[in-house]
Amino acid sequence: MILKEFLELRRDRRTMAMIIVLPLLLLVVFGYAANFSVTDVPTRVYGPRAQQVATQLHAPFDVKEVDPAGTEQQAVDALRAQDAGAVVLTTTSAASSKVLIDGSNLFAAQAAASAAKASGGVLVPQVLFNPELKTSWMMVPALVGMIMAFIGTIITAIGLVRERQAGTLEQLAVMPFKASDVIVGKIAPYFVLAAFDMILVTVLGCLVFGVPFAGNVAVFALGAALFLFTVLGIGVLISSVSQNQGQAMQLALLTLLPQILLSGMIFPLSAMAPGVRWIGYLFPLTYFIKISNGVMLRDAPLDSLALPLGVLAGMAVLVFTFAVLRFRRDLAPAAPKAVRKTVAAGSAR
């Protein structure tokens with residue numbers, strides 16, 4: 001029996017991947033990415049004494065721009081667009097300078113605020129977009145994306161695999177549908193359900209935890225639609241390479257776990273090692289968190305969210321294309337078998 005189990009495990013490549021790859025993944029992620037300490041906060045220095053004050057700033061303030069003509073409104077706009085994590089506003093006198101800090105980036109804001117308070121009155125911090133630095137204000141926008149990723153990936157993958165096991169896929173093969181028609185028809189109900197869950201979680205998060213929704217609902221809806229389309233496509237891809245629901249669940253977890261750990265939801269991307277950080281930029285959840293955080297907390301303008309929206313749109317097209325190609329391969333072999341079954345059923349009658 002022991003030998004039999006070892007032989008079955010060796011043939012089950014997906015289970016072997018879970019046994020070997022997942023522990024290594026967790027080791028690497030928690031070893032290199034599990035870091036809450038932010039050592040570099042992108043900083044701009046505005047005002048008459050900008051050049052002088054900029055030379056006196058130390059870590060975690062990483063001066064990226066010095067502009068003696070910069071105004072407080074420009075500072076707020078830079079933080080809202082997340083072009084900087086902190087902006088130092090100087091005056092003509094040698095009095096203390098005010099530091100405006102982006103509170104939507106919790107860990108960077110905590111580091112900047114602590115450094116400002118430790119300056120002995122030289123820097124006076126003022127936190128925007130999350131004045132009390134509440135963890136829930138950062139987590140709720142990210143949780144919206146995580147819940148949609150779970151629903152979109154796992155439910156879609158399991159649902160389509162269930163149909164393959166039940167033989168429904170063979171019936172679809174002889175109907176006048178293209179692969180893209182089948183995929184759209186299959187994911188549409190999951191899209192509607194996931195969208196409903198997204199609205200529910202967002203509203204409850206705002207009501208229960210007091211998280212503001214300061215931005216444009218249409219921009220948030222656009223980002224959510226692109227993200228949902230992407231994760232649903234991933235679910236279709238997983239179903240196309242899975243023979244049963246157990247395999248689909250394993251592959252879904254292998255794609256979801258790295259997203260949660262490396263998307264910036266738990267650990268700040270800026271605190272990760274460069275190699276691990278770039279892995280995080282390959283996941284759709286990373287970009288949806290940027291969109292949801294920017295819209296809900298900062299009222300970020302559309303042009304500042306163009307990059308994450310564009311990346312999600314590209315991912316959605318790419319994933320859907322691969323899903324259609326892969327699904328077409330599944331439908332083609334199923335068609336002759338379905339025809340044979342139909343002919344056999346007619347002969348029996």
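**Note on the predicted model**

1. The protein chain holds 13 helices and 5 strands. The model is a predicted one, and the points below should be read on that footing.

2. Overall dimensions: along the principal axes, the C-alpha atoms fit a box of roughly 95 × 50 × 35 Å. The chain has 349 residues, of which 46% are buried.

3. Contacts along the sequence: counting contacts with a separation of 6 or more, 72% join residues that lie 24 or more positions apart.

4. Main core: the largest nonpolar core has 49 residues. Those touching the most other members are Met148, Phe220, Phe227, Ile238, Phe288 and Leu312. At least two core residues come from each of α2 (13-32), α6 (135-166), α8 (179-209), α9 (217-240), α10 (245-262), α12 (284-298) and α13 (306-348). α6 gives the largest share, with 12 residues.

5. Ile238 in detail: once neighbours within four places in sequence are set aside, the contacts of Ile238 are Thr153, Ala157, Ala248, Leu251, Ala252 and Thr255. Ile238 is also among the core residues that touch the most other members.

6. Second core: apart from the largest core lies another, made up of 24 residues. Val99, Ala108, Ala111 and Ala113 are among them.

7. Surface and charge: about 17100 Å² of the protein chain is exposed, and 66% of that area is supplied by carbon and sulfur atoms. The chain carries 26 positive and 19 negative charges, and the mean positions of the two sets are 12 Å apart.

Technical notes
Residues numbered from 1 in each chain as written. Predicted model: local features only at pLDDT ≥ 70, side-chain atom pairs only at ≥ 80, totals over all residues. Heavy atoms only, no water. Helix = DSSP H or I, 4+ residues; strand = E, 2+ residues; numbered from the N terminus. Buried < 20%, exposed > 50% of the residue type's maximum accessible area, 1.4 Å probe, protein only. Contact = heavy atoms within 4.5 Å. Areas by Shrake-Rupley, 256 points an atom, 1.4 Å probe, with all protein chains shown as cover. Lys, Arg positive; Asp, Glu negative; His and termini not counted. Charge placed at Lys NZ, Arg CZ, Asp CG, Glu CD. Core = buried A, V, L, I, M, F, W, Y, C linked by side-chain atoms within 4.5 Å.
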